[in-house]
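Welcome! Open your viewer, keep the selection tool at hand, and follow along one stop at a time.

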Amino acid sequence: MKKLLCLASILVTSVVLAACGNNNSSATDRDHNANDHLNRESEQLKENHVSDTRIKLTFNNKEVLVRMYDNPVSKDFLARLPLTATFEDYIGKEKISILQKKLSIDDVQAGNQSKKGDFAYYAPWGNLAIFHKDFEDATNDLMILGQIESGKENFENVDGTFTVRIEKVTK
């Protein structure tokens, strides 16, 4: 009888542990599915927040066209145009220019990773950044303002400092 009771308790314990294991697995699956859903939503939001506004960067008799994103930091930047800025190379992957006055980043969450062709704002330094190469180790304090549509290659071969005229494109 003792053996039967012992066997029954082992069986009950095994069933309870198996059930708990399945619940944890389901919770993990739910969390994973929720994260996948949030990531897809984030990508869709990024795509949907592209605006019709373009800017033109003119330097050394070359032009670069950038399609701006529809976000508060981009809007603050657009409100300051036209402007002239001096850019310089930074670590061989981006060209940067410190703005005279920092852009407003109130209630804006940074954390974007840069890629070739991004026109961005780095909040801690208050500088614009134009990425002409991918930069996997970029910081979390980066806010993407727009994406270069044409002329990306014009930044790759510019050495030293250079002056850029930035203005809205009107149709």
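The tour goes from the whole chain to its aromatic rings and then to a patch on the surface.

**Before you start.** This is a predicted model, in which local features need pLDDT of at least 70 and side-chain atom pairs count only at pLDDT 80 or more, while totals for chains, interfaces and linings use all residues. Residues are numbered from 1 along each chain as its sequence is written, and side-chain values use heavy atoms, with hydrogens and water left out.

**Stop 1: the whole chain.** Show the cartoon and you will find three helices and eight strands (DSSP runs of H or I with at least four residues for helices, and of E with at least two for strands, numbered from the N terminus). Following the sequence, the pattern reads α-β-β-α-β-β-β-β-β-α-β. Of the 171 residues, 33% are buried (under 20% relative accessible area; exposed is over 50%, partly exposed in between, with a 1.4 Å probe and protein chains only). Now turn on contacts (heavy atoms within 4.5 Å): among those between residues at least 6 apart in sequence, 67% join residues at least 24 apart.

**Stop 2: rings inside.** The whole structure holds seven aromatic pairs (ring centres of Phe, Tyr or Trp, the last by its six-membered ring, within 6.5 Å; planes under 30 degrees apart are stacked, over 60 edge-to-face, the rest tilted). Select Phe59 and Phe162: this pair is tilted, with 5.2 Å centre to centre and 45° between the planes. Phe59 sits in strand E1 (residues 50-59) and Phe162 in strand E8 (residues 162-168), 103 residues apart. Are these two buried or exposed? Both Phe59 and Phe162 are buried. Add Phe87 and Phe155 to the selection, and you have one aromatic cluster of Phe59, Phe87, Phe155 and Phe162.

**Stop 3: a pair with partly exposed rings.** Next select Tyr90 and Trp125, an edge-to-face pair at 5.6 Å centre to centre, with 90° between the planes. Tyr90 lies in strand E3 (residues 83-90) and Trp125 in the loop between E5 and E6, so the pair ties together parts 35 residues apart in sequence. Tyr90 counts as partly exposed because its relative accessibility is 30%; Trp125 is also partly exposed, at 41%.

**Stop 4: the surface patch.** Keep Tyr90 and Trp125 and add Ile91 and Ile98: together the four form a nonpolar patch on the surface, with about 390 Å² of accessible area. Such patches take residues with over 30% relative accessible area and no salt bridge, joining like charges within 9 Å and nonpolar side chains (Val, Leu, Ile, Met, Phe, Trp, Tyr) within 5 Å. A salt bridge here is a side-chain nitrogen of Lys or Arg within 4 Å of a carboxyl oxygen of Asp or Glu.

Key
Accessible areas come from the Shrake-Rupley method with a 1.4 Å probe; for residues, only the protein chains shown count as cover.
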